[in-house]
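Hi there,

Here is the structure I promised to pass on, with my notes underneath. Have a look at it first, and then read on whenever you have a moment.

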Amino acid sequence: MTVRTRIAPSPTGDPHVGTAYIALFNYAFAKSQGGQFLLRIEDTDQTRSTPESEKQILDSLRWLGLDWDEGPDVGGPHGPYRQSERGEVYAEHAHVLLNKGHAFRCFCTSERLDELRAEQMASKQTPGYDGHCLHLSEEEVQRRVNAGEPHVVRMKIPESGICKVDDLLRGTIEIDWSQVDMQVLVKADGMPTYHLANVVDDHLMEITHVIRGEEWINSAPKHQLLYEYFGWEMPVLCHMPLLRNPDKSKLSKRKNPTCITYYRDMGYLPEALLNYLGRMGWSMPDEREKFSLEEMLADFDIKRVSLGGPIFDQEKLSWLNASWIRENLSAEQFADRLHHWLLNSEYMMKFLPMAKERVERLSDFAPMASFMFSGMLNLTADDFSHKKMEAGDVKKVLQFTLWKLEQLRQWERGQIFAEIKGLSQAMGVKLGDFNHPIFVAIAGTPNSWSVMESMEILGPDMTRARLRHAVEVLGGVSKKEGKRLEKEFAAL
């Protein structure tokens with residue numbers, strides 16, 4: 001048997017270090033066994049999926065050195081590798097489940113389901129579908145389908161008993177069927193949900209081992225049941241521990257930069273970041289901290305994964321990155337890395353025309369443009385002092401701008417400007433006053449060239465990271481304050 005693993009990211013946001021972490025362990029397991037590593041794009045969420053996000057994911061994983069044997073850009077015998085291009089495959093398999101009596105059509109409206117959930121929550125019951133449409137007659141179902149009544153397809157779940165799921169790291173996991181919902185398999189728009197598409201694709205693409213995050217443990221009974229319904233052999237499951245913030249909470253962008261491109265733009269070496277991710281819950285036999293991908297593959301054993309939540313610590317990553325720079329790069333190689341990082345004409349030409357209009361001497365350039373090559377700027381609360389706004393209002397401007405730009409998927413100057421202008425109008429603040437703290441957060445000074453141009457060039461990850469940093473410099477946002485601000489932001 002040829003070992004085949006996969007990574008299946010959704011192109012709905014920035015490429016996450018958690019995706020790279022899971023991709024690394026899938027890659028390492030497959031390659032250490034002489035197997036194959038696949039990449040497919042799970043873009044069934046058509047309202048949020050974007051080509052830009054897909055490209056970022058592919059570019060980021062390639063930057064790390066994780067190449068795939070089959071995928072949407074390289075092809076392969078099991079394509080297509082985008083779920084949006086496999087609609088007929090899922091429809092065919094949904095009909096198989098309906099015909100075998102393992103699934104049913106559900107005509108419940110969103111209003112009824114909302115009321116049901118509210119009632120269940122009020123009575124402290126486990127939220128879930130109540131089987132309202134489970135026993136409709138075939139004639140009734142056909143009549144409503146012929147009438148064009150909107151509906152979804154749900155899978156049937158045993159009413160009682162225990163589901164036992166085998167896990168490569170955790171042994172046998174037992175989950176009561178009463179805790180498992182009658183999962184929607186096909187949405188009203190005809191698109192499959194993750195659960196149906198995931199199982200069908202893994203089988204048809206001959207995936208032998210599914211290595212994924214532990215957040216999917218509760219979905220394992222549904223997936224195992226679908227394999228049984230189809231009469232297929234299930235891949236070996238392996239649920240990896242989640243990455244954690246230093247405070248042990250789940251890794252999140254509010255407490256830790258989570259985007260791969262942020263670390264690339266900050267000047268981390270791909271070898272160092274991959275090395276650090278390899279240490280997340282796993283260790284070399286000799287316990288050494290610094291190792292290459294090739295060395296990891298040579299000594300890889302998935303059983304060495306520890307189930308304790310690994311801590312993603314930027315200070316530790318920086319220490320490891322420094323070791324790679326000092327111990328593995330000659331002066332010439334260091335210069336070459338700097339050139340390929342940002343010290344190149346392709347990057348600098350994006351802002352040199354603006355700098356040229358402001359310099360009097362060539363020596364003015366370095367201090368003027370330093371923020372274009374920096375990570376987090378060395379700011380103080382005094383830097384944000386504003387003649388027309390109180391400190392609390394300045395912080396609110398920065399927080400609301402951050403939230404608005406976190407929602408932005410098309411990152412270009414016109415879009416950024418439109419969002420910020422609209423926000424300033426909604427908040428009743430003149431655009432010049434509104435932009436003042438944004439200039440400081442992004443450029444370190446209110447007297448720079450166009451902050452919109454700068455944000456476009458710096459990119460979404462660095463821009464958002466600097467805005468978060470600015471909010472922290474101004475005292476941060478407490479949980480209570482955050483809830484109040486979220487309500488105010490939603491009302492704009």
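Below is what I found in it, starting with the overall build and moving on to the aromatic side chains.

Please keep in mind that this is a predicted model, and that every value here is computed from it.

**Overall build**

The protein contains 20 helices and nine strands. Taken along the principal axes, its C-alpha atoms fill a box of roughly 80 × 55 × 40 Å. How does the radius of gyration sit with that of a compact globule? For 492 residues such a globule would come out near 23 Å, and the protein has 26 Å, which agrees.

Of the 492 residues, 50% are buried. The protein exposes about 23,900 Å², and 49% of that area is supplied by carbon and sulfur atoms. As for how the chain meets itself, take the contacts between residues at least 6 apart in sequence: 75% of them join residues at least 24 apart.

**Aromatic pairs**

The count of aromatic pairs comes to 22. One of them is Tyr-227 with Trp-232, an edge-to-face pair with 6.3 Å centre to centre and 70° between the planes. Trp-232 also pairs with Phe-230, and here the rings are stacked, at 4.3 Å centre to centre with 15° between the planes.

Are these three residues buried or exposed? Tyr-227 has a relative accessible area of 4%, so it is buried. Phe-230 counts as buried too, because its relative accessibility is 9%. Trp-232 is at 18%, and the cut-off for buried is under 20%, so Trp-232 counts as buried as well.

Further along the sequence, you will find an aromatic cluster. Which residues form it? The members are Tyr-347, Phe-351, Phe-365, Phe-371, Phe-373 and Trp-449.

**Charges over rings**

Two lysines are worth a look in your viewer, each with a tryptophan as its partner. Lys-290 lies over the face of Trp-324, at 4.7 Å from the ring centre. The charged end of Lys-316 sits over the ring of Trp-319, and there the distance to the ring centre is 4.6 Å.

If you want a place to begin, try centring the view on Trp-232, whose ring pairs with Tyr-227 edge-to-face and with Phe-230 in a stacked arrangement.

Happy browsing, and best wishes

Notes. Residues are numbered from 1 along each chain as its sequence is written. Side-chain values use heavy atoms; hydrogens and water are left out. Rings of Phe, Tyr and Trp (its six-membered ring) pair if their centres lie within 6.5 Å; planes under 30 degrees apart count as stacked, over 60 as edge-to-face and the rest as tilted. Buried means under 20% relative accessible area, exposed over 50%, partly exposed in between (1.4 Å probe, protein chains only). A charge sits over a ring if NZ of Lys or CZ of Arg is within 6 Å of the ring centre and within 35 degrees of the ring normal. Helices (H or I, at least four residues) and strands (E, at least two) are DSSP runs, numbered from the N terminus. The radius of gyration is taken over C-alpha atoms; the globule rule is 2.2 Å times the number of residues to the power 0.38. Contact means heavy atoms within 4.5 Å. Accessible areas come from the Shrake-Rupley method with a 1.4 Å probe; for residues, only the protein chains shown count as cover.
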